[in-house]
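Trainee: Could you take me on a close look at the largest cavity in this model? I would like to know what lines the largest cavity.

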Amino acid sequence: MQSNDARMLLHCAVPTALAGVVAAVVSAVLTGSKGAIGAAAGATVVILFMGMGLVVLQRTAKSLPHLFQAMGLLLYTTQILLLALVLIFFRETTLFDTKAFAFSLLAAALVWVAAQARAHMKAKILYVEPDSSASAGGEDKTAAATGVKP
């Protein structure tokens with residue numbers, strides 16, 4: 001994993017974890033310990049799902065850049081469906097408060113998406129890889145191809 005990929009993951013996971021802590025505290029005050037457990041579980045599920053998705057998306061971008069956009073759409077659709085399945089699976093559980101779990105899951109997912117959008121906007125990611133060998137002779141490739149010197 002490159003440093004900018006790890007930085008992106010960190011910039012998304014930390015605010016989501018903080019939102020999970022806040023949700024756990026609020027849920028503990030409102031519904032007791034089962035609410036805190038449910039809120040913590042919801043935030044953990046979001047961090048795991050979205051974190052794995054980000055890692056998969058970054059690896060796809062490196063190896064198959066022409067599939068990046070399609071993979072992103074497929075990945076987010078799959079994540080939403082998996083989160084819905086988790087909600088359905090834990091619908092009748094008595095391990096924790098399901099409402100705290102669901103609201104924490106929703107809040108953490110929104111925080112993750114907002115943090116990812118912010119991290120992506122602030123990242124200095126090059127769209128084109130600069131070629132150092134092209135400027136070795138004093139001309140760049142476009143000038144050599146067109147015959148126009150800068």
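Mentor: Here is a walk from the whole chain to the cavity, and then on to a pocket.

Happily, we can start with the overall picture. Please keep in mind that this is a predicted model. The chain has five helices and zero strands, so its elements read α-α-α-α-α from the N terminus on, helices being counted from that end. Of the 150 residues in the chain, 27% are buried. About 10200 Å² of the chain is exposed, and carbon and sulfur atoms supply 71% of that area. Take the contacts between residues at least 6 apart in sequence: 67% of them join residues at least 24 apart.

Now for the empty space. Rolling a probe the size of a water molecule over the atoms shows where such space is left. With a threshold of 30 Å³ or more, the count is one cavity, and the largest cavity has a volume of about 30 Å³.

Who stands around it? The lining of the largest cavity consists of Met 50, Gly 53, Leu 54, Leu 75, Tyr 76, Gln 79, Trp 112 and Gln 116. Three helices each give at least two residues to this lining: H2 (33–63), H3 (68–89) and H4 (98–122). Sorted by character, the lining has five nonpolar residues, three polar ones and no charged ones.

Let us pause at one of these lining residues, Gln 79. You will find Gln 79 in helix H3. Is Gln 79 buried or exposed? Its relative accessibility is 5%, and because buried means under 20%, Gln 79 counts as buried. Which residues does Gln 79 touch, if we set aside its neighbours within four places in sequence? Gln 79 is in contact with Phe 49, Met 50 and Gly 53. Met 50 and Gly 53 also appear in the lining of the largest cavity.

From here, we can turn to a pocket. The second largest pocket holds about 220 Å³ of space. It is lined by 13 residues, and those closest to its centre are Met 50, Ile 80, Leu 83, Leu 106 and Ala 109. Helices H3 and H4 are the elements that give two or more residues to this pocket's lining. Here the lining divides into twelve nonpolar residues, one polar residue and no charged residues.

Met 50 is a good residue to find on your screen: it belongs to the lining of the largest cavity, it is in contact with Gln 79, and it is among the residues closest to the centre of the second largest pocket.

Conventions. Residues are numbered from 1 along each chain as its sequence is written. This is a predicted model: local features need pLDDT of at least 70, side-chain atom pairs count only at pLDDT 80 or more; totals for chains, interfaces and linings use all residues. Side-chain values use heavy atoms; hydrogens and water are left out. On a 1 Å grid over the protein atoms alone, a cavity is a set of points where a 1.4 Å probe fits but cannot get out, and a pocket is an open set with protein on both sides within 12 Å along at least five of seven lines; lining residues have an atom within 4 Å of a point. Grid points are joined across faces, edges and corners, and a volume is the space filled by probe spheres set on the points. Helices (H or I, at least four residues) and strands (E, at least two) are DSSP runs, numbered from the N terminus. Ala, Val, Leu, Ile, Met, Phe, Trp, Tyr, Cys and Pro count as nonpolar, Asp, Glu, Lys and Arg as charged, and the others, Gly among them, as polar. Buried means under 20% relative accessible area, exposed over 50%, partly exposed in between (1.4 Å probe, protein chains only). Contact means heavy atoms within 4.5 Å. Accessible areas come from the Shrake-Rupley method with a 1.4 Å probe; for residues, only the protein chains shown count as cover.
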